[in-house]
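Me: I have a model open and would like a close look at a single part of it. Could you walk me through how two helices pack against each other, and then show me a few other local features?

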Amino acid sequence: MGFIRLIAALIGFVFGFFLGSSLLQVTQVTPLTNQILVVLLLATACAILGWLGAPYVTVMPATYIVNWLRAASGGDLIGGAFGAAVGLILALFLAFPLSFLPGDIGRYAPLVTAVVLGVIGATAGAVKRAELGAFAEGVRGVRRDRADARVLLDTSVIIDGRVADVVRSGFVRGTLIVPKFVLAELQFFNDSPDGSKRERGRRGLEMLAKMQKEDTVKVELSDEEPAGTGADVAELQGITVLNINDLAKAVRPVVLPGEEITVRVIQEGKEPAQAVGYLEDGTMVVVENGVRHIGSELPVTVMRVLQTVGGRMIFGHPKGETTETRRPRAIDR
């Protein structure tokens with residue numbers, strides 16, 4: 001800082017010296033000693049102003065610009081640069097007719113117009129970067145490549161944790177957008193005195209950290225807060241909502257009558273000698289004559305698959321045994 005002040009004081013002294021010399025040519029200051037005194041006083045005053053004002057025209061503006069650049073996202077910078085370029089191009093078209101204005105107006109009007117339009121364009125581009133991106137895609141008439149997909153994660157899906165497994169499998173690529181209010185909610189849960197909430201917050205933060213380590217995706221924080229909350233609001237605004245539960249149902253293995261599966265029988269069923277178990281994906285399996293196998297892993301031959309409102313149910317019997325075929329009845333879950 002001292003070096004910058006010294007340079008600014010030197011520049012101020014030189015400027016004041018030449019300014020004083022120019023003033024003497026239009027004034028009647030005499031004798032020579034008074035002229036020298038005026039020049040020296042003016043040069044000294046400009047040097048002092050340069051020394052005192054150096055931080056306000058160098059370091060402080062530079063610090064502000066650096067802090068702003070650090071806080072701004074990449075999208076804001078790209079949008080601002082694009083807007084500034086559009087503003088300068090518009091100013092270029094206006095420069096020629098403006099140069100015909102009379103006097104000094106015609107000389108400085110193109111420069112002032114370029115500065116004003118450049119600043120306005122940069123500001124508009126940074127503020128409306130999302131709309132600019134959508135417009136650019138509409139003009140090109142192409143959809144983003146799968147690798148460039150941007151997926152917005154909410155609090156519940158991060159805490160659920162299955163999305164981290166989907167990301168690790170490589171089925172999700174691109175950028176995962178995590179709004180800062182979602183991160184704040186996870187931190188709030190993590191700091192909660194309630195043990196259940198604290199566990200959910202800790203799990204959510206762990207899942208987020210796990211996804212940040214994946215090479216196939218990029219996790220990005222967003223300052224934008226949508227109007228409204230929840231998937232229903234997103235659907236009303238025309239946003240595609242991806243549900244992890246729908247994905248889990250879609251990738252469930254298909255089971256056909258006659259196939260054999262292995263299930264752990266855990267409880268009695270509604271009918272005599274009937275037992276119930278579950279597959280890893282949560283599908284209920286009703287085993288006829290399976291009550292004596294409760295607590296063990298049991299090979300089961302599938303008799304029928306029933307789709308109910310609550311989900312899929314499989315009816316079968318222990319492998320190698322035959323049972324009387326009867327109409328399956330829904331079991332209370």
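Reply: Here is a look at one helix pair, followed by a kinked helix and two loop residues.

Happy to help, and please keep in mind that this is a predicted model. Two packed helices are described by the angle between their axes and the distance between the axes. For helix α8 (residues 162-169) and helix α10 (residues 195-212), the axes come within 9 Å and cross at roughly 10 degrees. Since angles under 35 degrees count as roughly parallel, α8 is therefore roughly parallel to α10. On the α8 side, the contact is made by Val163, Ala164, Val167 and Arg168, and α10 contributes Met207, Lys210 and Met211. By type, the residues of this contact divide into 5 nonpolar, no polar and 2 charged.

Next comes helix α2 (residues 32-57), which has 26 residues. From its first C-alpha to its last, α2 reaches 36 Å, close to the 38 Å expected at 1.5 Å a residue. There is a kink of about 35 degrees at Trp51 in α2, shortly before the proline Pro55. Pro55 is itself one of the buried residues of α2, together with Val39, Ala43, Cys46, Ala47, Gly50 and Ala54.

Now for the backbone in two loops. Most residues other than glycine have a negative phi. Ala273, in the loop between β4 (260-268) and β5 (275-278), has a positive phi of about 70 degrees although it is not a glycine. Ala273 counts as partly exposed because its relative accessibility is 32%. Asn289 lies in the loop between β6 (284-287) and β7 (297-308), and has a positive phi of about 60 degrees without being a glycine. With 29% relative accessibility, Asn289 counts as partly exposed.

Technical notes:
Residues numbered from 1 in each chain as written. Predicted model: local features only at pLDDT ≥ 70, side-chain atom pairs only at ≥ 80, totals over all residues. Heavy atoms only, no water. Axes fitted to C-alpha atoms, helices over the stretch in contact; angles between N-to-C directions. Helix = DSSP H or I, 4+ residues; strand = E, 2+ residues; numbered from the N terminus. Parallel < 35°, antiparallel > 145°, perpendicular 65-115°, else oblique. Contact = heavy atoms within 4.5 Å. Nonpolar A, V, L, I, M, F, W, Y, C, P; charged D, E, K, R; others polar. Expected span 1.5 Å × (residues − 1). Bend = angle between axes of the 7 residues up to and from the residue. Buried < 20%, exposed > 50% of the residue type's maximum accessible area, 1.4 Å probe, protein only.
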